[in-house]
Amino acid sequence: MTLHLYVRFSSAWGQELYVAVCHDQGETKLLMEYYNAIYWRLTIQVDDPAVFRYRYYLGTLAERNARTIYCFPSDKELTVRDIWIWPGMVENAWLTAPFSEVFFKRETIALPSPALYTFRVHAPLLKATATVYIIGNIPELGAWNVKQAIPLTYTAEGDFITLADIPRGVLIEYKYGKREGEQFIYEEGENRVLFTGEFNIHGRTIIHDGFARFNVTHWKGAGVAVPVFSLRSEKGLGIGEFADLKLLADWAAATGQRILQLLPVNDTTVNYSWTDSYPYAAISAFALHPAYIHLPAAGKVKQYKEHQAKLNELPSLDYEQVIRIKMEVLKELFTAFKPDSTYHTWAAANQHWLEPYARFSCERDMKLTGQPTEAAFYFFIQYQLHNQLLDAVNYAHSKGVVIKGDLPIGVFLQSVEVKEAPELFNVNVQAGAPPDDFSVKGQNWGFPVYNWAEMAATGYSWWKERLAHMALYFSAFRIDHILGFFRIWQIPRDTFDGLLGYFDPAIPFTIDELRAAGIPFDRSRYCQPYITDPILYNTFSDATPAVKGIYFEPNGDGTFRLQAPYTTQQSVAEEPDPFIRQGLLDLITNVLFLEPVEGEFHPRFHMHLTSSFEALEPAVQHKLRKLSDQYFFHRHNALWEQEALKKLPVLQQATDMLVCGEDLGMVPHCVPGVMQLLGILSLEVQRMPKRGDSTLASAPYLSVVTPSTHDMSTIREWAEENYDTLVEEHLQSPAMWCILQLQDWLALDESLPRTAPEEERINVPAVSPWYWRYRMPLSLEALLKAEGLTTTIRRMISMAGRG
């Protein structure tokens, strides 16, 4: 079949348009030809496919959504007239799963028989009872008689379509419209124009007109953010469970909220201790956490009420007790489990991650207990978890509520992925974040960093599989630390503090570059800890003589160096005295530059706060400050923008989920522009303004506003008494989403049970390891009966025009 592709795009000098043909192995990009000031074109021969999928690229920038053409056996020649759709267009967000599958879900209709001309157009946010019409200047399109307007039908591809046999050589003017009662409403703007004799066409023609130009109010919604483990119900067992999401969805629907935002729900089991409570340290990017299972739904449980009585009255999560009891009971239930055809179908479909996960879990258990475990046991657990989460998701959808997942920036070092595909990771360094408002010494998460070159070589298949699996349950997701897709802060494996990290990718300085900038660079002075007698006495006080004799040796110039066995933070970690240990850790960070690769020098973050810096001449200090500022805030913008534009579109295009980014911390200048270009929602936190003039009223539409996140204190701890005013200000913002932590919604009703404000905080990033154990102070059943709070929230959301 001969396929002629014409795409409407008014290009500037130097721009190039491509079409990418989608296939099982990825995409094949083909350069298009400049046709005229309006169109680019390409003619290709295709092997008569029933379905042809493709998308357009402007250089390396891809459209958000792939396009689909359905071909018929009679098609020997087919012409397609498209419009380039910028990925950052607001309308693209309205085509994602929350809108197309829940909020504005509509029945799809099979494609009608072919005709000479097919008209297609998107019309998001249209009520399920409404439809789109086409009307034009010829009889076949109603001759501008609104009573004769042609209705379009909705397809599985998310657009509206109609077919018409229109003669060749006719100049058509037309518009799309819709009916509201007796009124016919035309789309805005000039008439669309089509000359059917253009392009010397033979065979059928498909015209995709992009988006109908209806004047629609930007949809806004509200929601609640809460970790699953923080939920509390009368049927649960010491921890929130997937089944509890049904009750949470009931409460959300009653209050007018439309989204439930969760923390990661993947398995984090390393040793069955409280340190496994860290939800971002997944041992599998696919497996769900056994702690979230509702045991009675998996089989008959003995002594269940006794277990409940022991755990449900606790004010916070006792992770070790919960996981111990649940795993013991699951082993009993497994012996009675009878696999059926549904189970076998599910297991076969998930074999690619189930087998390595089960193998990993069995090996872990053998090391911990010395007792063998059947791999089928972990298949059984994951099958139960899958069914329970999917059931909760479907129930939430029936209530008009969607669920938003969380995509962690990393995986745990001891994880299935690192073991099974080590080539995808660099385990010699650790991912973290430079110092910011969350942690003055930076953060070290301990995760290996990604080998992006290897991931690109595989077509990012691991990411695509991971996201497709998330899409089974979630309609939207939050990219944890989206800055890591621009650059990652990586820390040597033998280092604890984030202060000793550096960016990757980066453009390090060379010795010649440093000396050309007027820096009297000397490797030992600038890259080794600067240690003098005054610094030692200031650090260790009276213990200095003893510490000096054990850990240090003189350089011969009045300075000291750490002895060979103690040059890294890891090597001094065994020092029993915490005061001395901390002093040693701090001294090791007293450097000006890091040299992870010989001859490549990265400025240490906040070098101006070190005693090494203080000892330099003022002129040198000035030059180093200028150099450091250029390195951290200007030098890498183009590089990091290119990196993000390679990776983030992969995450977007893998599924129909709405993509949100957590863009907090030390945000490079290129980040907002890239997120706007791609249409990724930003996160706006009132007390962490990204610009000096940022306010809630100036939040972009494609964003999520919130007064607090799980890494912060809640509003009861940091705000004044006027919680309702604060919440209303957030709800009134122009952002698409206003999502509050559950604790912040509960603050609106003083009559409800509550804990001390400082106990509401879920995580303190500066403290590692942290026990993630907050639980809501009342049951979900009680919350559903709190009519005063429900009425207050529903009124506030309605007044803000959300929902």
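**Notes on the predicted model: loops, helix contacts and cysteines**

1. Let's start with Asp480, which sits in the loop between β26 (476-479) and β27 (488-492); helices here are DSSP runs of H or I with at least four residues, strands are runs of E with at least two, and both are numbered from the N terminus. This is a predicted model, so to speak of local features a pLDDT of at least 70 is needed, side-chain atom pairs count only at pLDDT 80 or more, and totals for chains, interfaces and linings use all residues. Residues are numbered from 1 along each chain as its sequence is written, and side-chain values use heavy atoms, with hydrogens and water left out.

2. Is Asp480 buried or exposed? Asp480 counts as buried, at 11% relative accessibility (buried is under 20% relative accessible area, exposed is over 50%, and partly exposed is in between, with a 1.4 Å probe and protein chains only). Setting aside neighbours within four places in sequence, Asp480 touches Tyr280, Asp406, Leu407, Pro408, Ile409 and Glu662, where contact means heavy atoms within 4.5 Å.

3. Ser415 is another loop residue to look at, placed between β21 (402-407) and α9 (416-420). Ser415 is buried, with a relative accessibility of 1%. Apart from neighbours within four places in sequence, the contacts of Ser415 are Ala282, Ile283 and Phe360. Ala281 is 134 residues from Ser415 in sequence, yet the two C-alpha atoms are 8.8 Å apart in space.

4. Lys220 belongs to the loop between β18 (204-211) and β19 (221-225). Don't skip this lysine: Lys220 is buried, at 16% relative accessible area. Which residues does Lys220 contact, leaving aside neighbours within four places in sequence? Tyr701, Leu731, Gln732, Ser733, Pro734, Ala735, Met736, Ala800, Gly801, Arg802 and Gly803. For Ala735, the C-alpha atoms are separated by 7.0 Å, with the two positions 515 residues apart along the chain.

5. Leu731, one of the residues that Lys220 contacts, also turns up in a helix pair. Helix α22 (residues 723-731) and helix α25 (residues 787-799) have axes that come within 9 Å and cross at roughly 35°; axes are lines fitted to C-alpha atoms, for helices over the stretch in contact, with angles from 0 to 180 degrees between N-to-C directions. The crossing is right-handed, that is, the near helix is turned clockwise from the far one by less than a right angle, anticlockwise being left-handed. On the α22 side the contact involves Asp724, Val727, Glu728 and Leu731, and on the α25 side Arg795, Met796 and Ile797. By type, that contact splits into 4 nonpolar, no polar and 3 charged residues (Ala, Val, Leu, Ile, Met, Phe, Trp, Tyr, Cys and Pro are nonpolar, Asp, Glu, Lys and Arg are charged, and the others, Gly among them, are polar).

6. Now for another helix pair. The axes of α14 (residues 533-540) and α16 (residues 578-588) come within 9 Å, crossing at roughly 140°. That angle makes α14 oblique to α16; under 35 degrees would be roughly parallel, over 145 roughly antiparallel, 65 to 115 roughly perpendicular, and the rest is oblique. Here too the crossing is right-handed. Ile535, Leu536, Thr539 and Phe540 of α14 make the contact with Phe579, Ile580, Gly583, Leu584 and Leu587 of α16. Those residues divide into 7 nonpolar, 2 polar and no charged.

7. A couple of backbone angles deserve a check. Ser541, in the loop between α14 and α15 (544-551), has a positive phi of about 55° although it is not a glycine. Ser541 is partly exposed, at 38% relative accessible area. Leu125, in the loop between β10 (117-122) and β11 (133-136), also has a positive phi, near 65°, and counts as buried at 15% relative accessibility.

8. Cis peptides are next. The Asp504 to Pro505 bond is cis, with omega near 0°, and Pro505 is in the loop between β28 (502-504) and α12 (511-516). Ser768 and Pro769 are also joined by a cis peptide bond, omega about 0°; Pro769 is in the loop between α23 (742-746) and α24 (780-784).

9. How many disulfides does a search of the whole structure find? The search gives 0, taking a disulfide as a pair of cysteine sulfur atoms within 2.5 Å. For Cys22, the nearest cysteine sulfur belongs to Cys71 and is 14 Å away. Cys660 is in no disulfide either, with the sulfur of Cys738 nearest at 13 Å. Cys22 is buried at 15% relative accessible area, and Cys660 is buried at 4%.
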